[in-house]
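Please open the model in your viewer and keep a selection prompt at hand. The tour proceeds stop by stop, each with something to select and a description of what is found there.

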Amino acid sequence: MPGGQLVIHTGPPIMVSLANEPVIFSCNITYPYTPEFKTFTVGFFYVDLQGQVSSEKKTHCQPSMGVENQTSTTKCQVTPTLPSSSATGTYYCSVHWPGSVGRGNGTFILVRDTGYQEPPRPPKNLLFFCFIGLLSVLSILGTALVLWKKKQKQAPQKQLARKSPAASAPPAESLYTALQRRETEVYACMQTEASSPPPSQNLLSQEKPHAFENVSDFNEVYENL
């Protein structure tokens, strides 16, 4: 500036604040302590995200005492009003001297309507029941798998057990045929002995034991039948 005035913002260049919460930024005003520059007023304004400049507001910052014809520095603290997120923008200190105006380098303030909010947590009971239901389903599936494997192992054994009695037992028709053939042979033998006449007494006496033997054989065969 022509008279050597200087306005510099101090503190962080970017600040974050909630709406309706107090926030303070500072600026240092350096000037020659002469009758021309030792009297001034301090205000502030901001430029929003769309580039629109707000109206200027005054502060209560007053010039500090200094030594005549020496460089003096006054530190001002500014507390802007932040009603909503629309107040987001770059805030500037504005110093008015007679015949000149100085402006600082600015401080960006991000205004949020609400702070961080934790996401809604699901009810603990719901999580517990979901966990129990999942364990139940897994248990049922595991039991079904075990039973299925057990049936798969028992199936070949049952098939072998069904086939073995059928292979070892003789068919009923062949057994009946064999018995019928024996009965026919016995009756044929008896008819042959009855039709042949005895040649003599000796032969009769010799054949009687044989006849009795054949009758005993017949009885045994009949009992077997």
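What follows moves from the whole chain to its core, its cross-links, a few single residues and finally its C-terminal part.

**The whole chain**

This is a predicted model, in which local features need a pLDDT of at least 70 and side-chain atom pairs count only at pLDDT 80 or more, while totals for chains, interfaces and linings use all residues. Residues are numbered from 1 along each chain as its sequence is written, and side-chain values use heavy atoms, with hydrogens and water left out.

Colour the chain by pLDDT, the predictor's confidence in each residue on a scale from 0 to 100: the average is 78, and 65% of the residues score at least 70. Then switch to a cartoon, which should show 3 helices and 9 strands, where helices (H or I, at least four residues) and strands (E, at least two) are DSSP runs numbered from the N terminus. The order from the N terminus on is β-β-β-β-β-β-β-β-β-α-α-α.

Of the 225 residues in the chain, 21% are buried; here buried means under 20% relative accessible area, exposed means over 50%, and partly exposed lies in between, with a 1.4 Å probe and protein chains only. Contact means heavy atoms within 4.5 Å, and among the contacts between residues at least 6 apart in sequence, 67% join residues at least 24 apart.

**The nonpolar core**

Select Phe-25, Ile-29, Trp-97 and Ile-109, the residues with the most contacts inside the largest nonpolar core, which has 24 residues. Such a core is a set of buried Ala, Val, Leu, Ile, Met, Phe, Trp, Tyr and Cys residues joined through side-chain atoms within 4.5 Å. At least two residues of this core come from each of strands S3 (25–32), S4 (41–48), S6 (71–78), S7 (89–97) and S9 (107–112).

Stay on Ile-29 and expand the selection to its contacts: leaving aside neighbours within four places in sequence, they include Leu-6, Phe-40, Val-42, Cys-76, Val-95 and Trp-97.

**Two disulfides**

How many disulfides does the structure hold? There are 2, a disulfide being a pair of cysteine sulfur atoms within 2.5 Å.

Select Cys-27 and Cys-93, whose sulfur atoms are 2.1 Å apart. This pair links distant parts of the chain, with Cys-27 in strand S3 and Cys-93 in strand S7, 66 residues apart. The link of Cys-27 and Cys-93 is left-handed, with -90° about the S-S bond. Cys-27 counts as buried because its relative accessible area is 0%, and Cys-93 is likewise buried at 0% relative accessibility.

Next select Cys-61 and Cys-76, where the sulfur atoms are 1.7 Å apart. Cys-61 sits in the loop between S5 and S6 and Cys-76 in strand S6, 15 residues apart. The torsion about the S-S bond of Cys-61 and Cys-76 is about -60°, so this disulfide is left-handed. Cys-61 and Cys-76 are both buried. With the bonded cysteines numbered in sequence order, the pairing reads 1-4, 2-3.

**A salt bridge between loops**

Now select Glu-68 and Lys-38, whose side chains meet in a salt bridge at 3.9 Å, N to O; the term requires a side-chain nitrogen of Lys or Arg within 4 Å of a carboxyl oxygen of Asp or Glu. Because Glu-68 lies in the loop between S5 and S6 and Lys-38 in the loop between S3 and S4, the pair ties together parts that are 30 residues apart in sequence. Glu-68 is partly exposed at 37% relative accessibility, and Lys-38 is partly exposed at 29%.

**Two single residues**

Select Ser-26: is this residue buried or exposed? Ser-26, in strand S3, is buried, with a relative accessible area of 10%. Beyond four places in sequence, Ser-26 is in contact with Ile-8, His-9, Thr-10, Lys-75, Cys-76 and Gln-77.

Move to Leu-49, in the loop between S4 and strand S5 (57–58). Leu-49 counts as exposed because its relative accessibility is 62%. Leu-49 nevertheless touches Thr-88 and Phe-108, not counting residues up to four places away in sequence, and the C-alpha atoms of Leu-49 and Ser-86 are separated by 8.5 Å.

**Towards the C terminus**

Select residues 126–148, which UniProt lists as "transmembrane region" in an unreviewed entry; UniProt positions are given in the numbering used here, feature names are shortened, and annotations may be inferred rather than shown by experiment. Over residues 126–148 the chain is 100% helix and 0% strand, with the end C-alpha atoms 33 Å apart.

Finish at residues 199–212, where pLDDT stays under 50 and the model has 1 contact beyond four places in sequence.
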